[in-house]
Each structure stands twice: as structure tokens, then as C-alpha cells.
Amino acid sequence: MTNVKKLLSSAQYRPYTAYNIFFQLEREFILQSILDVTPSVDNAFDQVVDDVIPLLPQKYREVVLSDDWYIPGKAQRKKRKHRKSHGKISFSDLSKNVAAAWHDADDEVKLFCAKVSDMLMQEYKKAIYRQRKDGINAKEEDDTLTESKGTKSTRKKILRPGKVVSSTADIDEIISSTTSAVINAIPCTQPIMRRVTSENTST
């Protein structure tokens, strides 16, 4: 059984227009009711089970449909077995008959098609919005993680000699250690200076 709600939330295909919805219904009506073609579907549409679209118009309630008939991309979703063509009407003639039927369709049929198309478009827009929102959130998380890793890496480099210093605390530490080294080195020069002064005096 096709997971129709999952297909709607994936926003993989742009939804049918009202005429596309009508075409799916009228095509099967012509083939089954007028040309007596035996329907062949993997999973039949059940109005009782399906809670996505409203009740079918009276004209099409006896027509056998696939459970995902109102969602585009059926051929891509299912690996259909090779079936012999009915050979009773060409696609061009079928399309002309459907177009003529749309022109003469009653308000119940047209209202149903428009309502289903509008409902599917709203679901499509919601799915697109969720996908974009999830994409933005995922990017922000990646950026935060990257910044966090970069901060840790910088801190490690600060502790290594000869690396670039990037904090005032480390600069103060370096100045303090350098000053201590200079001060400790000063007493070592005093005996030399005293000896030189003494030699000059005796001379």
C-alpha cells in the first residue's frame, strides 16, 4: 500500500492542477465504463481508508483507481510490469474526449477537482517550508560545530611555543615570563662590571 501522506510531505512532485485531477478520473471512467477496459492497479483506492481527499463525485465512485492516483510521479515510484495496451483508443483521441468532458462537467465535479488541487498545493507548500527550515537549522548547527572546533583548536595552539597568540591573558603571561628572564639575567653582569671598574681604578 502506498504511503500517500509520506509522499505529500516529501514535496518530490508539484501537485496536479484541477484539470490534471479531472484527467485522471475521466480517463479511467472512459476506459472502464465506456470502452470496457479491465482496470489493472497494484493497490486500489479505497475512499473509506483514504483520509486525505474528500468524497469522490458520484460519477466516479464505481471507477477503479490506484491508491495514489491524485499524486504525480506514479510511473517513477513503481516498477510496473509490462502490460499490453488496450488498443481501443489513442492517447490523442482520449485527450480530446477528456477535454470535451471537462467543458461539459457539472459543478460537483469541477468543485471537487479544484478543492483537491488546492488542498494538495497547500500540503506541498508546507512541505517545502519545512524542508527549507530544516535546511537552515542544519546549516546553523554545522556552523556552530565548526566554530566550536575552531575555538578548541586555537586554544591548543596558544599553549605551544612559537604559535600565534590570540588572547590578552596569554600576552600578559608571555610579558611576565620575559620580564622575569631579563631581571634574572641582570645580576650575572654585576661582577663583570665591578671587575672592570676595579681594574680601571688601579691603573
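Here are four short exercises with worked solutions on this predicted model.

**Exercise 1. Find how many salt bridges the whole structure holds, and say which residue partners with lysine 59.**

Step 1. Start with the count: searching the whole structure turns up two salt bridges.

Step 2. Now look at lysine 59, whose partner is glutamate 26, with 3.1 Å between the closest N and O atoms. This pair qualifies because the cut-off for a salt bridge is 4 Å.

Step 3. Next, place the two residues. Glutamate 26 lies in helix 2 (18–34), while lysine 59 sits in the loop between helix 2 and helix 3 (74–77). The two are 33 residues apart, and their pairing links distant parts of the chain.

Step 4. Finally, check the surroundings. Lysine 59 is partly exposed, at 37% relative accessible area, whereas glutamate 26 is buried, at 4%.

**Exercise 2. Work out whether arginine 27 and glutamate 28 are buried or partly exposed.**

Step 1. Begin with what joins them: arginine 27 and glutamate 28 form a salt bridge, and their closest N and O atoms are 2.5 Å apart.

Step 2. Recall that buried means under 20% relative accessible area and exposed means over 50%.

Step 3. Apply this to each residue. Arginine 27 has 28% relative accessibility and is partly exposed. Glutamate 28 has 19%, so the label here is buried.

**Exercise 3. Identify which residues touch the most other members of the largest nonpolar core, and which helix gives the most to this core.**

Step 1. The largest nonpolar core has 33 residues, and those touching the most other members are Ile21, Phe22, Leu25, Ile53, Trp69, Tyr70 and Phe112.

Step 2. Then ask where the core comes from. Two or more residues each are given by helix 1 (4–10), helix 2, helix 4 (91–104) and helix 5 (107–158). Helix 2 gives the most, with eight residues.

Step 3. Zoom in on phenylalanine 112. Setting aside neighbours within four places in sequence, phenylalanine 112 is in contact with Ile21, Leu25, Ile53, Pro54, Leu55, Leu56, Pro57 and Trp69.

**Exercise 4. Describe where valine 109 is found and which residues are in contact with it, leaving aside neighbours within four places in sequence.**

Step 1. Valine 109 belongs to helix 5, and with 4% relative accessibility valine 109 is buried.

Step 2. Apart from those sequence neighbours, the contacts of valine 109 are Phe22, Pro57 and Tyr60.

Step 3. Take proline 57 from that list: proline 57 and valine 109 are 52 residues apart along the chain, yet their C-alpha atoms are separated by 5.9 Å.

How values were computed: Residues are numbered from 1 along each chain as its sequence is written. This is a predicted model: local features need pLDDT of at least 70, side-chain atom pairs count only at pLDDT 80 or more; totals for chains, interfaces and linings use all residues. Side-chain values use heavy atoms; hydrogens and water are left out. A salt bridge is a side-chain nitrogen of Lys or Arg within 4 Å of a carboxyl oxygen of Asp or Glu. Buried means under 20% relative accessible area, exposed over 50%, partly exposed in between (1.4 Å probe, protein chains only). A nonpolar core is a set of buried Ala, Val, Leu, Ile, Met, Phe, Trp, Tyr and Cys residues joined through side-chain atoms within 4.5 Å. Contact means heavy atoms within 4.5 Å.
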